[in-house]
Amino acid sequence: MVERNDAPRGLLMHGFGVGAENVAGVFRSALNAAAGLPGADIEIVIQGPAVAALVSGGALAGPVAEALQRGIAVRACENSMRSAAVDAAGLAPGILPVPSAVVHLAQRQWEGWAYIRL
């Protein structure tokens, strides 16, 4: 059994894909994790062309809203946003950009977060 002070600091879920259908499962898995790990910090980072689905009214608007309502942080890779011509002002409310998904993922892991790529 893992002692609480040895437990990961949070759960980092990484979604990479060309469209909403490629990363929709990340949101379902994050909701399942939130139910099974009450009180845990959970963060989703979306990378690749799928960031275009994170805009207000985009294909992931429902899953994003549900995740945010459950306290799950949602992040978008700014490098991917530039490639997909997505402006930070166009992201759905509550989504925060990170300069680089790769750097953010590395930093979180160095901070002791558990990492899952879906």
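Two strands count as paired here if DSSP finds at least two bridges between them. With that in hand, welcome to this predicted model. A good place to start is its open sheet of five strands, which has the order 4-3-2-1-5 and parallel pairing. Strand 3 makes a handy guide to the rest, as both of its faces are covered.

**The sheet as a whole**
- Strand 4 and strand 5 (114-117) stand at the edges with a single partner strand each, so one side of each has no neighbour in the sheet.
- Neighbouring strands of this sheet are turned against each other by 25 degrees on average, direction ignored.
- Helix 4 packs on the sheet and touches strand 1, strand 2, strand 3, strand 4 and strand 5. The direction of helix 4 makes about 155 degrees with that of strand 2.

**Strand 3 and its partners**
- Strand 2 (residues 42-47) pairs with strand 3 in the parallel sense, over four bridges. Within these two strands, Glu 43 of strand 2 stands opposite Ala 73 of strand 3.
- To get from strand 2 to strand 3, the chain passes through helix 2 (residues 61-69), and this β-α-β crossover is right-handed.
- Strand 3 is also joined to strand 4 (residues 96-98) by three bridges, and the two run parallel. Arg 75 has Leu 96 as its bridge partner in strand 4, while Cys 77 stands opposite Val 98.
- Another right-handed β-α-β unit is made by strand 3, helix 3 (residues 78-83) and strand 4.

**How strand 3 is enclosed**
- In a regular strand, side chains alternate between the two faces of the sheet.
- On one side of strand 3, Ala 73, Arg 75 and Cys 77 are buried, and on the other side Val 74 and Ala 76 are buried too.
- Five of the five residues of strand 3 (residues 73-77) are buried, so the strand is largely enclosed by the rest of the structure.

**Helix 1 and the nonpolar cores**
- The largest nonpolar core has 29 residues, and Phe 27, Leu 54 and Leu 60 touch the most other members.
- Strand 1 (11-16), helix 1 (20-36), strand 2, helix 2 and strand 3 each give two or more residues to this core. Helix 1 gives the most, with nine residues.
- Among the buried residues of helix 1 are Val 23, Phe 27 and Leu 31. The buried residues of this helix pack against strand 1, strand 2, helix 2 and strand 3.
- The 17 residues of helix 1 should span 24 Å at 1.5 Å a residue, and its end C-alpha atoms are 25 Å apart, which agrees.
- Leu 54 touches residues including Phe 27, Ile 46, Leu 60, Arg 75 and Ile 95.
- A second, separate core of six residues includes Val 45, Cys 77, Ala 101 and Leu 105.

**Two residues to look up**
- Cys 77 lies in strand 3. This residue has 2% relative accessibility and counts as buried, because the cut-off is under 20%.
- The contacts of Cys 77 include Ile 46, Val 51, Val 98 and Ala 101. Cys 77 and Ala 101 are 24 residues apart in sequence and 5.0 Å apart in space, C-alpha to C-alpha.
- His 104 lies in helix 4 (residues 101-110) and is buried, with a relative accessible area of 12%.
- Leaving aside neighbours within four places in sequence, His 104 is in contact with Glu 43, Val 45, Arg 75 and Val 98.

Notes:
Residues are numbered from 1 along each chain as its sequence is written. This is a predicted model: local features need pLDDT of at least 70, side-chain atom pairs count only at pLDDT 80 or more; totals for chains, interfaces and linings use all residues. Side-chain values use heavy atoms; hydrogens and water are left out. Buried means under 20% relative accessible area, exposed over 50%, partly exposed in between (1.4 Å probe, protein chains only). A crossover is right-handed if, with the strands pointing away from the viewer, the path from the first strand over the helix to the second runs clockwise. A nonpolar core is a set of buried Ala, Val, Leu, Ile, Met, Phe, Trp, Tyr and Cys residues joined through side-chain atoms within 4.5 Å. Contact means heavy atoms within 4.5 Å. The expected span of a helix is 1.5 Å times one less than its number of residues. Axes are lines fitted to C-alpha atoms, for helices over the stretch in contact, and angles run from 0 to 180 degrees between N-to-C directions.
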